Amino acid sequence: MAADDGRRVSLLEQFMPRFDTRSQHAIEVHAAAQAVFTAVEAVTVKEVRFLRELEFMRALPGLAATGRLEVPTVDQPLVLSFTRGAVLLGARRPEEVLAGAIGRFWRLAGNDPVVFGAPEEFLTFSEPGFAKAVVGFRLDPIGAKTLLTTETRFVATDEATHRLMSRYWRIIRPGSNLIRTEWLRAIRRRALRLAEATPEST
């Protein structure tokens, strides 16, 4: 959806209107959008089933090459640590949140992320040899429930990188889909706990 309410352009469309590939997953949560949004921001790595195991397997080549094991810290909010170098690009409470990163994600060792400050730098970055990734969450109230949708997009900065990313994505997509599904479930669990603790928010 290009516009979130018929007026504003969504953060996804604002920061990555064109992309090479995408994946989308959704879940219904029996809680108000405010509680779900808080859970989106707060869910940590350790709350998502299978994530640590998959990240550990992915990090093994890097460990062999560099002696460093680069996996997300278990207590970090996952929306800001879904990959190395991830930063918040925008948030509209309680409607949507978007994080992004720039790197060479297909490299099992030596994927040093691009460090950028202002979100505008993500938009304007075009150096060849890199790919840009975004992970977004959108919340749509449905009566007393909230439809929570997450979408992941990638775009390469040049054709050669596009081919590399396409091969990489075909390999990791099953694992990525599993993580997205479990991520949504972790958000739902946390949102329901929050809703139960603050019944006035439901």
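Trainee: Buried means under 20% relative accessible area, exposed over 50%, partly exposed in between (1.4 Å probe, protein chains only). So how many of the 12 residues of β4 are buried?

Mentor: 9 of them, and β4 is mostly covered. This is a predicted model: local features need pLDDT of at least 70, side-chain atom pairs count only at pLDDT 80 or more, and totals for chains, interfaces and linings use all residues. Residues are numbered from 1 along each chain as its sequence is written, and side-chain values use heavy atoms, without hydrogens or water.

Trainee: Where does β4 sit in the strand order?

Mentor: The open sheet of 5 strands runs β1-β5-β4-β3-β2, with antiparallel pairing. Strands are DSSP E runs of at least two residues, helices H or I runs of at least four, numbered from the N terminus. Two strands pair if DSSP finds at least two bridges between them.

Trainee: Which strands are at the edges?

Mentor: β1 (21-29) and β2 (87-92), each pairing on one side only.

Trainee: How many bridges join β3 to β4?

Mentor: 8, between residues 96-103 and 131-142. G103 stands opposite A131, and L98 faces G136.

Trainee: And β4 with β5?

Mentor: 12 bridges, antiparallel. D140 has L147 as its bridge partner. The two strands form a hairpin with 2 residues between them, and G143 in the turn has a positive phi of about 65°.

Trainee: New topic. Which strands does helix α2 lie across?

Mentor: β1, β2, β3, β4 and β5 (145-156). Helix α2 (residues 33-42) runs at about 160° to β4. Axes are lines fitted to C-alpha atoms, for helices over the stretch in contact (heavy atoms within 4.5 Å). Angles run from 0 to 180 degrees between N-to-C directions.

Trainee: What does α5 touch?

Mentor: Helix α5 (residues 159-197) packs on the sheet, touching β1, β4 and β5. Its direction makes about 10° with that of β1.
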